[in-house]
Amino acid sequence: MAAAAAVSEAWPELELAEQQRRRELLLTGPALEERVRAAGGRLPPRLFSLSLLHYLEVSGCGSLREPGPGLARGLPQLQSLVLRRNALGPGLSPELGPLPALRVLDLSGNALEALPPGQGLGPAEPPGLPQLQTLNLSGNRLRELPADLARCAPRLQTLNLTGNCLDSFPAELFRPGALPLLSELAAADNCLRELSPDIAHLASLKTLDLANNRLSEVPAELADCPKLKELNLHGNQLKDRRLEKMLGSCQTKSILEYLRAGGRGRCKGRADPEKEESRRQRRERRKREGGEGGEEEVAEASRLLLRVLHVSENPAPLTVTAGPEVRDVRPFLVGAVVRGMDLQTGNALKRFLTSQTKLHEDLCEKRTAATIATHDLRAVRGPLLYTARPPQDLKIVPLGRKEAKAKDLVRQLQLEAEERRKQRKRQAVSGLHRYLHLLDGKEQYPCLLDADGDVISFPPITNSEKTKIKKTTSDLFLEVTSATSLQVCKDIMDALVLVVCRKWQKSTSTP
């Protein structure tokens, strides 16, 4: 009895999921790290007794080295398994399958080096993952793929191998009829030295990304992939210089026609790349000399120009100081000022907020990797202080709400999220549930204070009504915070600025 009580106390999420007969479960956050370490780097056996689960995610746990025995036997209805950004590796012991209902498997961002029989995805005969459609193995250390991958997952549609150490594909992957449904193959940022002509047997292939490898030749048979629409071969070491130039100037269809002709064809419908470059240089020269049409082209370009300034070039920079209190809570922040926004036309503001939400869902991994906040620069009074405060002392006026203490706000949001789940009659984790747990166990919460001492941002939960953007907003302060890494913040800020400037912005960005 004492042991059972100890397990319930250590893993309250499992007890709650069992009581509510949930079909989805998300485990992440700082508290998970210590519990998994105490369990020997494995998930608790009780997890595998939740036989109703359709979705299971365990992410961001540096102490998780193997899932543990019992997963396949205990979760027969599992359809999505997400084990990203953990420390799984060098293999999987025991192997994951058989999982007869699994459709999505995400093992990205781990330390996997090989997936041999018995330490891989599952058996080949009969197929261990017969319904698997999406497999993400990106960001690992894989030196080779299992030869029986196609037999283990014969209905695979999307395979992501980006950012590993692969130097070749197994021949079995491209045998006739092996993967008849595979439509997307991503293997950029590996060490691939050759591409087999048998890739033509991937009859459903639509997207192929082999950028930044060590390919010297591309087989003409690639052009025999009947549905191939998107091809990325940039960053390789191709011997065919003409093909190298075509990658930067021709569409996929033209490149495939060139390959089909054995390297002797031309870009139909497109000029010779060398002539295109010469014409481009002449156009640039005419613009500099103010030649015919130059003023119009410059005017058009100026409307699309993004002028990037360093903070030192700004006569009145907005500075952000990070206090030591935030180091152990959410230590990374990147900010940028964007001027010249136009949010008044039509539904521009709504589209801007929708774009921010999409970034939160994709690049920010539903706010678990990073969080974006956007502020009306005119309402921001600098200098700013990025710090941390005890939950009972931190007060904010959240978007669309009255002033509240952070502790009370988080609790209220949790209750609302749970109520929403019940109203929809779904045994599922709602969008709110996916990030409210990120501050679990924290004695202090991160916040961004303005010169008045007001909290204008409480990541990853919300920002303040005080700096809310409106249709009349023309200048923005963009903020990206993360508990993962500074590079994650930079990458997401780059993507955010690019989205902003492509659609709504006319002048200047200051990082």
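**Figure 1. Strand 12 and its antiparallel partner, strand 20, in the predicted model.** Strand 12 covers residues 332–341, and seven of its 10 residues are buried, so this strand is largely enclosed by the rest of the structure. Strand 20, made up of residues 476–482, runs antiparallel to strand 12, and seven bridges join the two. One of the paired positions can be located by residue: L333 has T481 of strand 20 as its bridge partner. Strands of a sheet pair through backbone hydrogen bonds, in either a parallel or an antiparallel arrangement.

**Figure 2. The open sheet of nine parallel strands.** The strands follow one another in the order 1-2-3-4-5-6-7-8-9, and their pairing is parallel. Strand 1 (24–27) and strand 9 (230–232) are the edge strands, each pairing on one side only. On average, neighbouring strands of this sheet are turned by 5° against each other, direction ignored.

**Figure 3. Strands 6 and 7, with the surroundings of L185.** Strand 6 comprises residues 158–160 and strand 7 comprises residues 184–186; the two pair in the parallel sense over three bridges. L159 stands opposite L185, a residue of strand 7. Is L185 buried or exposed? L185 is buried: its relative accessible area is 0%, and residues under 20% count as buried. Leaving aside neighbours within four places in sequence, L185 is in contact with L159, L161, F169, F174, L205, T207, L208 and D209. The C-alpha atoms of L185 and Q157 are separated by 8.5 Å, and these residues lie 28 residues apart along the chain.

**Figure 4. Helix 7 and the elements that cover its buried residues.** Helix 7 is formed by residues 252–260; seven of these nine residues are buried, so the helix is largely enclosed by the rest of the structure. The buried residues of helix 7 are T252, S254, I255, L256, E257, Y258 and L259. Which elements are included in what covers them? Among them are strand 9 and helix 6, the latter spanning residues 241–249. Just after helix 7, G262 takes a positive phi of about 70°.

**Figure 5. Helix 10, with its buried and exposed residues.** Helix 10 contains 14 residues (348–361), which at 1.5 Å a residue should span 20 Å; its end C-alpha atoms are 20 Å apart, in agreement with that expectation. Buried in this helix are A348, L349, F352, S355, Q356, L359 and H360. Seen down the axis of helix 10, the buried residues fall within an arc of 145°, so they line one face of the helix. An α-helix has 3.6 residues a turn, so residues three or four places apart point the same way. The face of helix 10 turned away from its buried side carries the exposed residues K350 and K358.

**Figure 6. The protein chain as context for the close-up views.** The protein chain contains 13 helices and 21 strands. Of its 511 residues, 47% count as buried. Among contacts between residues at least 6 apart in sequence, 66% join residues at least 24 apart. The chain exposes about 25200 Å², of which carbon and sulfur atoms supply 48%.

Notes. Residues are numbered from 1 along each chain as its sequence is written. This is a predicted model: local features need pLDDT of at least 70, side-chain atom pairs count only at pLDDT 80 or more; totals for chains, interfaces and linings use all residues. Side-chain values use heavy atoms; hydrogens and water are left out. Helices (H or I, at least four residues) and strands (E, at least two) are DSSP runs, numbered from the N terminus. The expected span of a helix is 1.5 Å times one less than its number of residues. Buried means under 20% relative accessible area, exposed over 50%, partly exposed in between (1.4 Å probe, protein chains only). The arc is that of the directions from the helix axis to the C-beta atoms. Two strands pair if DSSP finds at least two bridges between them. Axes are lines fitted to C-alpha atoms, for helices over the stretch in contact, and angles run from 0 to 180 degrees between N-to-C directions. Contact means heavy atoms within 4.5 Å. Accessible areas come from the Shrake-Rupley method with a 1.4 Å probe; for residues, only the protein chains shown count as cover.
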